[in-house]
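Here's a quick briefing for anyone meeting this structure for the first time. Have a look at it, then read on for its charge pairs, inner spaces and surface.

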Amino acid sequence: MTDKWVCIHGHFYQPPRENPWLEAIEPQPSAHPYRDWNERITAECYRPNAAARVVDSTNHIIEIVDNYQRMSFNVGPTLMSWMEDHAPDVHASLVEADRASARRFGGHGSAMAQAYNHMILPLASARDLATQTRWGIADFVHRYGRKPEGMWLAECAVDTASLEALAAEGITFTVLAPYQARAWRPPGGEWRTDPVDPGRAYRCALPSGRSIDLFFYDGQTAQAVAFERLLANGHQIISRMTARGPIEGGAPALCHIATDGETYGHHHRYGDMALAWALSQVEAGWNGTRLTNYAEFRAEVPATWEVLLAENTSWSCAHGTARWRENCGCNSGGKPGWNQAWRRPLRDALDWLRDQSAAALENVGRLLFRDPWGARDAYIDVVLRRSPEARDQFLTTHAAHELDAAERVRALSLMEMTRHAMLMYTSCGWFFDDLSGIETVQCMQYAARVAELIEEIGGGAVEAELVDRLALARSNLASEGDGRKVWAQRVRPARVDPEKVCAHVAVHTLVEHDAEKSVDVYGYHVDFIDRIERRSGRARMVAGTVRVRSRLTEAATSLCFAGLHLGEQHVTGGVRAPMEERAWARVIDELTGAFKTADVFAAQRVIDHHFPGAQLSLSALLPGSRERVIAAVLGDAIAEAEAELADAYDEHLPLIRWLVAHELPVPDVLRTTAESALRRRVLANMRAADPSFQQLRDHMVEAAEVRVSLDTPEIALAASEALVVLLDRVVGEGEEVDLAVLEIVTAAAEVASRMRSAVDLWNAQNATWRLLARLPELHQRSAAGDVDAARAAAGLERLAGTLRLAAKR
């Protein structure tokens, strides 16, 4: 039997970032050039690890592999939920990786579950501890189609109650840091208190009579991978991991590490490639090693040694779990003089709010549910399947009686209240350095939603007291003040109510001329009850009544609006509660009468009179759609300006060429005109349904003649996307390689590879790598005299060379 088994675990996780009222992530400028941090880290880490490169000494790609299939991993449920909607290819890769790893590792999939939203379980209430465990398991089963064997604990934070909760739900193991073992011993032997040997699984007996297996990873090597640049060389990782002697007793030794999964690509660029190389070496049997995962090793080498747990410990706080409740000294570093004394009042305030929420669930919930806490545990089925059918099934199963419409809203609001009362404990809220950090503000926004829902279900107003308690927390930044000021500046403005949704829809309708009878706006569904539209020259007027309905709680609000779009950015109008039918009819008559006489100012006066203090503008658009709508608003102006620039460039092109030919300076105004015109033409070509790289080459030649650079990041991105569009057409009908398209693609890749701005060839390489699987068959047909097959093989090899892919398949 192989004496050294190797397992690398990646904890892939992002905190929930969704606006609690929208159920969507708003743009995060700090993630530039990506829309938000989930999108950025997916591009840098999660997607690359599904197709990681193994390169040779000449930096040519000799293999593209899925790291997930050969490592151990867990992906946080809130991240998986985001991926399902926004990165479905990565979500699918992770699910398939678990299935593939089960085939590789004796029927044991590599995926582990995770306690639902990364709550620090030793600090959780008993109710939350149980629900976090059950929700994490339910999410896992929903995605992977099997029950989990292991579960990852947020920050490896653990106590006996946490292990009891896992064991009670059938979880058989978890992974901890080495210093979380208080004592350990062989079967029938004496307890030892020296550092635990990470080379085996240990059995931890629990007070209930149950037990759970614990793995303690190699802490020094994990530290070197995460923080000491051991990832610079994949071979070094394995050499370091396996540089240990035989395990006591002669059993196979488990050589394993656990780190944040983001280590492999986000924290360390090309970390995914180092990981791919390391895993490939072990899979090839380097130095007598064997690749495994925790579940397979536990089945093949059962735990016989025992361990005692070091209570209330974690992998990221030297003081146990104090980082999530005290000014313990653990922080991100780099901020001399700062403190984290704000952690305690934040924890105390949210604990108080949690208790208010629990009381509301019990007092109001017993009127609506047979078992309010059992309903909370089961509500994950609705969270995973956001649909009317899921809500109906949930209420049919758990309601105390058949609920009317108002009771349905109250029951669903209770469940959303309890969901947010767990989300507000996401560990990142206490991990970093200041009260005003985006992670902490996110947790406070969840708390705001809890407070709002408590009041909506009739549980009393709690926000004022909550803010009073938060005011005891002070930021390190004078501009941020205390918790009260952070709440006013960063929490309250994030709140989205039906009036804001109506204003968004009104502006959207004014600008984009939508004629839909209903529209979804993030977590809301909006129905138009009535609507009129009028146009006078460039001015446009829209007025109507809408019903804004939450897609989560089913709470509905009717509102009316009226607005004017006078062209470009000039939008005005208002939103208000519905009027009596005849009063509303008079308002409509006044508006249409003003428009019939083309008196826009009269229409404005009507709106000002009937909609006081509720102004519409482009700023009423909800984040995430502003850029698109503003682009539509400015579309005509931009097109007109671009046409004028293009005409000016064409008119003065002979003059520019003459100046360049005679080595005379080109005036800035002419150079700027040339740059803008040529870059716009290149981008239009690259973004077309049928991009032409010959035209790109011609434009680049022209640009060189007039001393203009087309080598910009924007054009490089467009070129990479166009290349993928063309590659999708290489295989035509009948699954034959289209030689003409292949020739165009190869020429395009050659142009792209010569650009100084890095063209992202990742997707093009993936697509070409799949095409290279056809080479053996093409060579076989070529040997039999098939001329087209010979040309196709030569073309693929030339394309592979351009993209630095080794064509030996």
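## One turn apart

E416 and R419 are three residues apart in helix α14 (residues 405-423), so about one helical turn separates them. Those two form a salt bridge, with the closest N and O atoms 2.7 Å apart. Keep in mind that this is a predicted model. Below, you'll meet E416 again, along with other salt bridges, the cavities and a nonpolar patch.

**Salt bridges**

- Side chains of opposite charge can pair when their charged atoms come close.
- In total, the structure holds 50 salt bridges.
- Are E416 and R419 buried or exposed? Both E416 and R419 are buried.
- R344 pairs up with E326 in another salt bridge, and here the closest N and O atoms are 2.6 Å apart. That pair ties together distant parts of the chain, 18 residues apart: R344 sits in helix α10 (residues 343-368), while E326 is in the loop between β13 (305-309) and α10.
- R344 has a relative accessible area of 29%, so it counts as partly exposed. E326 is partly exposed too, because its relative accessibility is 27%. The range that matters for both is 20% to 50%, since under 20% would be buried and over 50% exposed.
- R781 forms a salt bridge with D786, and their closest N and O atoms are 3.2 Å apart. With a relative accessible area of 23%, R781 is partly exposed, and D786 is partly exposed at 27%.
- Some charged residues join up in a bigger arrangement: R391, D392, R408, R549 and E554 are linked in a network of salt bridges.

**The largest cavity**

- Rolling a probe the size of a water molecule over the atoms shows where empty space is left.
- How many cavities of 30 Å³ or more are there? The count comes to three.
- The largest cavity holds about 70 Å³ of space.
- Its lining is made up of P20, W21, E23, E416, H420, R449, G523, Y524, S550, L552 and T553. So E416, already met as the salt-bridge partner of R419, is one of the residues lining the largest cavity.
- Sorted by class, the lining of the largest cavity has four nonpolar, four polar and three charged residues.

**The second largest cavity**

- About 60 Å³ of space lies in the second largest cavity.
- The residues around the second largest cavity are V75, P77, M80, M112, A113, Q114, G136, D139, F140, R143 and Y144.
- Three elements give two or more residues to the lining of the second largest cavity: α2 (77-86), β5 (111-114) and α4 (126-144).
- Which element gives the largest share of that lining? α4 does, with five residues.
- By class, the lining of the second largest cavity splits into seven nonpolar, two polar and two charged residues.

**A nonpolar patch on the surface**

- I630, L634 and I638 make a nonpolar surface patch of about 210 Å².
- One of them, I638, belongs to helix α23 (residues 635-661).
- I638 counts as partly exposed because its relative accessibility is 43%. That value also fits the rule for patches, which takes residues with over 30% relative accessible area.

Terms used. Residues numbered from 1 in each chain as written. Predicted model: local features only at pLDDT ≥ 70, side-chain atom pairs only at ≥ 80, totals over all residues. Heavy atoms only, no water. Patch = residues over 30% accessible without salt bridge, like charges linked within 9 Å, V, L, I, M, F, W, Y side chains within 5 Å. Areas by Shrake-Rupley, 256 points an atom, 1.4 Å probe, with all protein chains shown as cover. Salt bridge = Lys/Arg side-chain N within 4 Å of Asp/Glu carboxyl O. Helix = DSSP H or I, 4+ residues; strand = E, 2+ residues; numbered from the N terminus. Buried < 20%, exposed > 50% of the residue type's maximum accessible area, 1.4 Å probe, protein only. 1 Å grid on protein atoms, 1.4 Å probe; cavity = no way out; pocket = protein on both sides within 12 Å on 5 of 7 lines; lining within 4 Å. Points joined across faces, edges and corners; volume = space filled by probe spheres on them. Nonpolar A, V, L, I, M, F, W, Y, C, P; charged D, E, K, R; others polar.
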